[in-house]
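This report examines a predicted model. The sections below treat its charged contacts, its aromatic contacts, its principal pocket and selected backbone features.

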Amino acid sequence: KKSFVADALTHRIRLIERDQTRISTFVGTGVKGYFGDSGFANISQLNTPFDLALDSNENRLFIADTSNFCVRFVNL
């Protein structure tokens with residue numbers, strides 16, 4: 001099972017691996033902004049992501065992109 005963390009200060013979503021020894025960037029470049037819808041998650045820009053939720057099948061990660069005033073999602 002994967003774990004995700006909203007890193008609001010760096011405008012990224014982090015992925016914590018199963019063994020919890022490795023943390024990597026899953027969404028965002030670290031530059032705040034609004035970019036990347038319908039594109040690759042690793043080149044998208046977020047602006048203060050604050051909260052996360054998975055759909056019931058864990059196929060989609062929803063992101064509260066707080067300073068962009070919207071909810072965005074990434075297919076897993």
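## Salt bridges

A salt bridge is counted here when a side-chain nitrogen of Lys or Arg lies within 4 Å of a carboxyl oxygen of Asp or Glu. E17 and R22 meet this criterion, with 3.7 Å between their closest N and O atoms. E17 is partly exposed, its relative accessible area being 28%. Under the same cut-off, the predicted model contains four salt bridges.

Two further bridges involve R72. One joins the side chain of R72 to that of D37, at 2.9 Å from N to O. Because R72 belongs to strand 6 and D37 to the loop between strand 3 (23-27) and strand 4 (49-54), this pair ties together parts that are 35 residues apart in sequence. The other joins R72 to D65, with an N to O distance of 2.9 Å. D37, D65 and R72 are thereby linked in a network of salt bridges.

The members of this network are classified as follows. R72 counts as buried, at 7% relative accessibility, and D65 is buried as well, with a relative accessible area of 0%. D37, by contrast, is partly exposed, with a value of 44%. The threshold for burial is under 20% relative accessible area, so R72 at 7% falls on the buried side.

## Aromatic pairs

A search of the whole structure yields two aromatic pairs. In the pair of F4 and F26, the ring centres are 5.1 Å apart and the planes make an angle of 55 degrees, an arrangement classed as tilted. This contact links distant parts of the chain, since F4 is in strand 1 (residues 3-7) and F26 in strand 3, 22 residues apart. F4 counts as buried, with 17% relative accessibility.

The pair of F62 and F73 is also tilted, at 6.1 Å centre to centre and 50 degrees between the planes. F62 lies in strand 5 (residues 60-65) and F73 in strand 6, eleven residues apart, and the pair again links distant parts of the chain. Both rings belong to partly exposed residues: F62 has a relative accessibility of 30%, and F73 has a relative accessible area of 45%.

## Charges over rings

Which residue places its charged end over the ring of F73? That residue is R60, whose charged end sits 4.0 Å from the ring centre. F73 therefore takes part in this contact as well as in the tilted pair with F62.

A second contact of this kind involves R72, which lies over the face of Y34 at 4.2 Å from the ring centre. R72 thus combines this ring contact with its place in the salt-bridge network alongside D37 and D65.

## The largest pocket

The largest pocket holds about 290 Å³ of space. Its lining comprises 15 residues, of which G36, D37, S38, F73 and V74 are the closest to the pocket centre. Strand 6 (residues 70-75) supplies the largest share of the lining, with five residues.

By residue class, the lining divides into eight nonpolar, five polar and two charged residues. Two of the residues closest to the centre, D37 and F73, have appeared above: D37 forms a salt bridge with R72, and F73 lies beneath the charged end of R60.

## Backbone features

Most residues other than glycine have a negative phi. What is the approximate phi of T48, which is not a glycine? The angle is positive, at about 60 degrees. T48 is located in the loop between strand 3 and strand 4 and counts as partly exposed, at 23% relative accessibility. E58 likewise has a positive phi, near 60 degrees, and is a residue other than glycine. Its location is the loop between strand 4 and strand 5, and E58 is partly exposed, with a relative accessible area of 41%.

P49 belongs to strand 4 and is buried, with a relative accessible area of 0%. The C-alpha atoms of P49 and A6 are separated by 5.7 Å, although these residues are 43 residues apart along the chain.

Terms used:
Residues are numbered from 1 along each chain as its sequence is written. This is a predicted model: local features need pLDDT of at least 70, side-chain atom pairs count only at pLDDT 80 or more; totals for chains, interfaces and linings use all residues. Side-chain values use heavy atoms; hydrogens and water are left out. On a 1 Å grid over the protein atoms alone, a cavity is a set of points where a 1.4 Å probe fits but cannot get out, and a pocket is an open set with protein on both sides within 12 Å along at least five of seven lines; lining residues have an atom within 4 Å of a point. Grid points are joined across faces, edges and corners, and a volume is the space filled by probe spheres set on the points. Helices (H or I, at least four residues) and strands (E, at least two) are DSSP runs, numbered from the N terminus. Ala, Val, Leu, Ile, Met, Phe, Trp, Tyr, Cys and Pro count as nonpolar, Asp, Glu, Lys and Arg as charged, and the others, Gly among them, as polar. Buried means under 20% relative accessible area, exposed over 50%, partly exposed in between (1.4 Å probe, protein chains only). Rings of Phe, Tyr and Trp (its six-membered ring) pair if their centres lie within 6.5 Å; planes under 30 degrees apart count as stacked, over 60 as edge-to-face and the rest as tilted. A charge sits over a ring if NZ of Lys or CZ of Arg is within 6 Å of the ring centre and within 35 degrees of the ring normal.
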